[in-house]
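Ready for a walk through this model? Open your viewer, keep the selection box handy, and follow the stops below in order.

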Amino acid sequence: MARSARILAMANQKGGVAKTTSSLNVAVALREKGMRVLVVDLDPQSNLSMSQGIDVENLDLGMFDVLVRSLPITDIVQVCEIDVAPAGIELAGAELALSSMIGRERALARALQPVAGAYDYIIMDTPPSLGLLTINAMVAAQGVIVPVQCEYLSLRGLAQLQQTLGQVREHLNPDVDIFGILPTMYDGRTMHCREAVDVLTASFGDTVFRTRIGKTVRFAEAPVQGQSALKFDSAGQSARWYRQVAREVLERDGRWTDDLERMRAKQSSHSPNAQPNLRLAS
Ligand SMILES: Nc1ncnc2c1ncn2[C@@H]1O[C@H](COP(=O)(O)OP(=O)(O)O)[C@@H](O)[C@H]1O
Ligand SMILES: [Mg+2]
């Protein structure tokens, strides 16, 4: 029987903490590992859609139509590096349009149901607020990944996010919880940054991913080309960080197998350029 998708929301009400960057790159890294992945853009600023080269100015159909007009999500999905359900600026009107509808918090959960069997992962990028669009993502999700910039003020916002998540759990989706906290824009040279991560791990323990996403301009450069960092800088550090996060996600879900890695290693050692076995000189 086909398994159902793991549905994860990338959320943090603070802007500029790498929600969009993490949504896209974790998704592409999971795709590299052979997973079938859909990314849902729930931000009216459309950054994720643009990062995959989608022309959002001339978007015919997007998440607004899915949430407000109940259009099947398959009608709007565009095949990019991963499948993307894009958003245009009209999504900014969705919160108001939804607010008078019965079941307004469950519109996204309903929309995802028909495609849950077609994907291994559905990742939702959310706007920088705890409004109705983010609530919809929390209701549809089994887990929330929270990217956190490694600084004191960013950590404070986590309490508010937890409070909202607690309310969602109580009234709308008893199963949802924080799946992982992802330290981003980490600069190990500054004491403040190291301390912020110490505070984070002291409070949240193993919920914090082991991977720290460092700072690099690659993450700003890749979207200009309509590419993920994994495609833009495939052998680079930026790609490696997100591959590590994807591995941690799969491990936490019990979907990681070393077989997968062994298979890859074997394939690359079969390449004609592989080194012959070296023998120690006697
Ligand atoms: N690890 C990083 N190092 C440096 N810049 C980053 C990193 N991650 C993201 N950025 C840049 O920071 C800005 C905000 O990232 P973004 O993913 O759009 O955040 P959010 O979706 O939370 O608002 C973008 O310009 C992005 O390219
Ligand atoms: Mg964003």
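Before the tour starts, one term: two strands pair if DSSP finds at least two bridges between them. With that in hand, select strand E1 and strand E6 (residues 143-149), which pair in the parallel sense over 3 bridges. Bear in mind throughout that this is a predicted model.

**Stop 1: strand E1 and its partners**

Keep E1 (6-10) selected and add strand E5 (residues 121-125), which runs parallel to E1 and is joined to it by 5 bridges. Now pick alanine 9. Which residues does alanine 9 meet in E5 and in E6? In E5, methionine 124 stands opposite alanine 9, and in E6 the bridge partner of alanine 9 is valine 144.

Is E1 enclosed or open? E1 is largely enclosed by the rest of the structure, because 5 of its 5 residues are buried. Colour the two faces separately if you like: Arg6, Leu8 and Met10 lie on one side, Ile7 and Ala9 on the other, and all are buried.

**Stop 2: helix H6**

Next, select helix H6 (residues 132-140), where 8 of the 9 residues are buried. To see them, show Leu133, Thr134, Ile135, Asn136, Ala137, Met138, Val139 and Ala140. What covers these buried residues? The cover includes E1, E5 and E6, which you have already met, along with helix H4 (94-99), helix H5 (107-112) and helix H7 (152-171).

**Stop 3: ligand 1**

Now centre the view on ligand 1. The shell around it holds 16 residues, and the closest are Ala18, Lys19, Thr20, Thr21 and Ala220. Helix H1 and helix H9 (218-224) each supply at least two residues of this shell, and H1 gives the most, with 3 residues. If you colour the shell by class, expect 7 nonpolar, 7 polar and 2 charged residues.

**Stop 4: two residues with positive phi**

Stay with alanine 18, one of the closest residues to ligand 1. Alanine 18 is found in the loop between E1 and helix H1 (19-32). Its phi is near 90°, a positive value in a residue other than glycine. Buried or partly exposed? Alanine 18 counts as partly exposed, because it has 19 C-beta neighbours inside 10 Å and the cut-off for buried is 20 or more.

Then jump to methionine 185, in the loop between strand E7 (177-184) and helix H8 (191-204). Methionine 185 also has a positive phi, of about 55°, although it is not a glycine. With 21 C-beta neighbours inside 10 Å, methionine 185 counts as buried.

**Stop 5: glycine 180**

Step back into strand E7 and select glycine 180. Glycine 180 is buried, with 22 other C-beta atoms within 10 Å. Leaving out residues up to four places away in sequence, glycine 180 touches Ile145, Thr207, Phe209 and Arg252. Draw a distance from the C-alpha atom of glycine 180 to that of proline 147: the two residues are 33 residues apart along the chain, and the C-alpha separation is 8.5 Å.

**Last stop: confidence**

Finally, colour by pLDDT. The protein averages 92, and 91% of the residues score at least 70. Residues 271-282 fall below 50, and this stretch has 1 contact in the model beyond near neighbours in sequence. Where pLDDT is low, the predicted coordinates should not be read in detail.

Terms used:
Residues are numbered from 1 along each chain as its sequence is written. Chains are lettered from A and ligands numbered from 1 in the order in which they are written. This is a predicted model: local features need pLDDT of at least 70, side-chain atom pairs count only at pLDDT 80 or more; totals for chains, interfaces and linings use all residues. Helices (H or I, at least four residues) and strands (E, at least two) are DSSP runs, numbered from the N terminus. A residue is buried if 20 or more other C-beta atoms lie within 10 Å of its own, exposed if 12 or fewer, and partly exposed in between; C-beta atoms are placed from the backbone. A residue is near a molecule or strand if its C-beta atom, placed from the backbone, lies within 6 Å of it. Ala, Val, Leu, Ile, Met, Phe, Trp, Tyr, Cys and Pro count as nonpolar, Asp, Glu, Lys and Arg as charged, and the others, Gly among them, as polar. Two residues are in contact if their C-beta atoms, placed from the backbone, lie within 7 Å. pLDDT is the predictor's confidence in each residue, from 0 to 100.
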